[in-house]
Structures are given as structure tokens and as C-alpha cells.
Amino acid sequence: MSAVLFDVPGPKSRVRHRLYAVVGVLAIAAVIGYVIYKFADAGQFDAGMWEWVLYEQVQLEVLAALGNTLKAFAVATVLALAFGAIFAIARLSEHAAIRVPATLVVEFFRAVPLVVMIFFFHYGLALGAPFYSVVLGLTLYNGSVLAEVFRAGILSLPKGQSEAAYAIGMRKTQVMRLVLLPQALRAMLPAIISQLVVLLKDTALGFLITYEELLLYARYLGSMLEFDRPLIPITIVVGAMYIIMCLALTGVAKWLESRNRRSEKAIVADGKAETEEGVLTPDNQPV
């Protein structure tokens with residue numbers, strides 16, 4: 001038996017692949033162990049380096065920095081999703097006056113580095129609080145990427161979906177808003193969540209313009225002589241916080257995907273039940 005792209009491995013190949021996997025895991029474990037050993041040898045795990053964790057004021061400031069990170073992420077996520085949906089629809093328009101400008105906007109903001117946009121908004125346009133520059137940069141960059149994700153998702157749908165909607169008298173805006181876009185969102189959910197994870201991590205660029213988020217506070221706390229400059233410990237803690245947030249996003253995506261599958265199964269089951277109830281006998285009487 002063979003798969004579409006490769007031959008199914010035989011017994012010897014499966015043993016060899018397992019061996020490669022074990023060797024790879026051991027190599028990764030060795031690297032992690034070496035890093036931990038070097039940190040321990042440098043005194044990064046000494047009690048004095050982690051004393052800052054016990055201070056209530058430090059805990060409150062870490063939570064405040066986390067709140068600022070999540071605030072920028074939440075606002076930029078909503079705006080980026082709206083931006084992506086609007087410009088994806090605009091790029092699919094039959095009117096060149098709408099399609100061409102939308103294409104130029106999306107391609108431009110996809111090409112410009114996010115750091116450049118943040119600097120431009122903060123130092124060039126002087127928007128005031130760093131929050132606005134960070135959110136605007138995140139919105140335009142990630143919204144442009146999401147616009148391409150949405151457009152690809154809409155184009156991947158069968159043409160019968162839109163044809164059926166037009167057949168019952170729906171206008172093009174209704175077809176796009178009520179039929180195609182919701183299905184594209186479900187189909188492209190993994191890609192959307194992946195881009196939102198990128199957006200979450202990109203909030204750390206706000207420290208370059210002194211936005212008070214996690215990375216900026218970690219840099220500040222790591223330079224304090226009062227706590228023996230615990231740069232590595234605070235970096236480990238902040239890194240773990242980012243990992244937890246990214247895993248939470250992935251968990252939400254899996255939950256939504258499983259919920260969509262359950263909903264689709266329920267719809268199919270209801271459709272089969274209605275079909276069975278409507279089966280006619282040769283005498284044109286329902287069974």
C-alpha cells in the first residue's frame with residue numbers, strides 16, 4: 001500500500017524511523033540539559049537570583065505588564081480580523097476601482113517590516129501614547145496577512161456554494177457575508193490562529209518605543225542591582241508566560257474546531273432524518 005505522496009514504510013523502515021526519533025529526542029534533551037547546567041554553573045538558579053518573585057510590588061508590576069500585552073493583543077486582534085475580512089472581500093471584487101487599491105494596500109503593508117511601521121507611527125506621525133503606534137502597526141501588518149488568508153479560504157470553497165446562494169436570490173454582498181466568509185473562517189481557522197500567535201509575540205516589539213509590556217518590564221527588572229540583575233530568571237518567567245498564552249490560543253482553536261465538527265455532524269444527522277421521513281412509497285404516501 002502507498003499513500004498519495006510517499007510509500008508506506010515497511011517494518012525495517014518503521015524501526016529506523018523510531019530510532020531516528022529516539023536519537024532526536026535524546027539530542028534535544030542533551031542540549032536542554034547542557035543549557036540548564038551552564039545556567040546552574042553561572043548561579044542563575046541560586047535563591048538570591050529569584051528573590052524578586054517574593055515581592056508583592058514586583059508581582060503586581062508583572063501582572064500590569066501582562067495586562068498591557070494582552071490589551072494590545074486583544075485590540076489589534078479585533079482590528080486585524082476586521083481589516084483582513086474587509087480587504088479580502090475588496091480584493092475579490094469584480095470592480096477594478098475597488099480591487100486594485102485593496103491589492104496595493106495589502107501588498108504594501110505585508111512588505112513593510114512591522115518595526116518600521118511602529119517607528120513611523122510613533123516618531124513620524126507622533127500619535128502620542130506608544131499603545132496607539134503598537135496597535136496600529138500590528139493591525140496593518142497582521143491584517144494584511146489575514147486578508148490573504150481569508151481570500152485563499154474563500155477561493156478554496158466549491159463554486160456550488162455561491163451558485164446555490166445566487167439561485168435563491170441572494171445579492172453578492174449577502175453571499176460573501178453570510179455564506180462564503182463564515183465557511184472560509186472555519187476552513188482557515190488553523191492559519192488564522194497561527195497568525196494570531198505571531199501577533200501576540202509581536203506585541204513584544206512595543207518595548208522599542210517604551211510601551212510598558214512584558215519585555216520592557218523584564219529588561220527593567222533584569223537590570224536592577226537590588227536583585228543582582230536577574231535577567232535570565234525574569235526572561236525564563238516571561239518566556240514561560242508567552243508559551244502559556246500561545247498554548248491557550250492553540251487550545252481555543254482546537255476547541256472551536258471540535259465544536260464545528262460536532263455542529264456539522266448534527267446538521268448532517270438532522271438532514272438524514274428529514275430525508276428518511278420524506279421517503280415516499282410507490283403509492284406516493286410517506287413511509
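Let's start with Phe83: at a relative accessible area of 12%, this residue is buried. Keep in mind that we're looking at a predicted model.

**Aromatic pairs**

Counting ring pairs with centres within 6.5 Å gives nine aromatic pairs. Here are two of them, side by side:

| Pair | Type | Centre to centre | Angle between planes |
|---|---|---|---|
| Phe39 and Phe45 | edge-to-face | 6.3 Å | 75° |
| Phe83 and Phe87 | stacked | 4.3 Å | 25° |

Phe83 and Phe87 share helix H2 (residues 56-91), where they sit four residues apart, about one turn of the helix. As for the edge-to-face pair, Phe39 is partly exposed because its relative accessibility is 27%. Phe45 also gets the partly exposed label, with a relative accessible area of 38%.

Then there's a cluster: Phe131, Tyr132 and Tyr211 are linked by ring pairs. One of these rings has a charged neighbour too, as Lys71 lies over the face of Phe131, 4.8 Å from the ring centre.

**Around Thr203**

Where does Thr203 lie? Look in the loop between helix H8 (189-202) and helix H9 (214-222). Is Thr203 buried or exposed? Its relative accessibility is just 1%, so Thr203 counts as buried, the cut-off being under 20%. A polar atom of the Thr203 side chain lies 2.5 Å from the backbone oxygen of Leu200. Leaving aside residues up to four places away in sequence, Thr203 touches Thr69, Ala72, Phe73, Leu138, Glu213 and Tyr242.

Definitions and conventions: Residues are numbered from 1 along each chain as its sequence is written. This is a predicted model: local features need pLDDT of at least 70, side-chain atom pairs count only at pLDDT 80 or more; totals for chains, interfaces and linings use all residues. Side-chain values use heavy atoms; hydrogens and water are left out. Rings of Phe, Tyr and Trp (its six-membered ring) pair if their centres lie within 6.5 Å; planes under 30 degrees apart count as stacked, over 60 as edge-to-face and the rest as tilted. Buried means under 20% relative accessible area, exposed over 50%, partly exposed in between (1.4 Å probe, protein chains only). Helices (H or I, at least four residues) and strands (E, at least two) are DSSP runs, numbered from the N terminus. A charge sits over a ring if NZ of Lys or CZ of Arg is within 6 Å of the ring centre and within 35 degrees of the ring normal. A polar contact is a pair of N or O atoms within 3.5 Å; within protein, one must be able to donate a hydrogen and the other to accept it, and residues adjacent in sequence count only if both atoms are side-chain atoms. Contact means heavy atoms within 4.5 Å.
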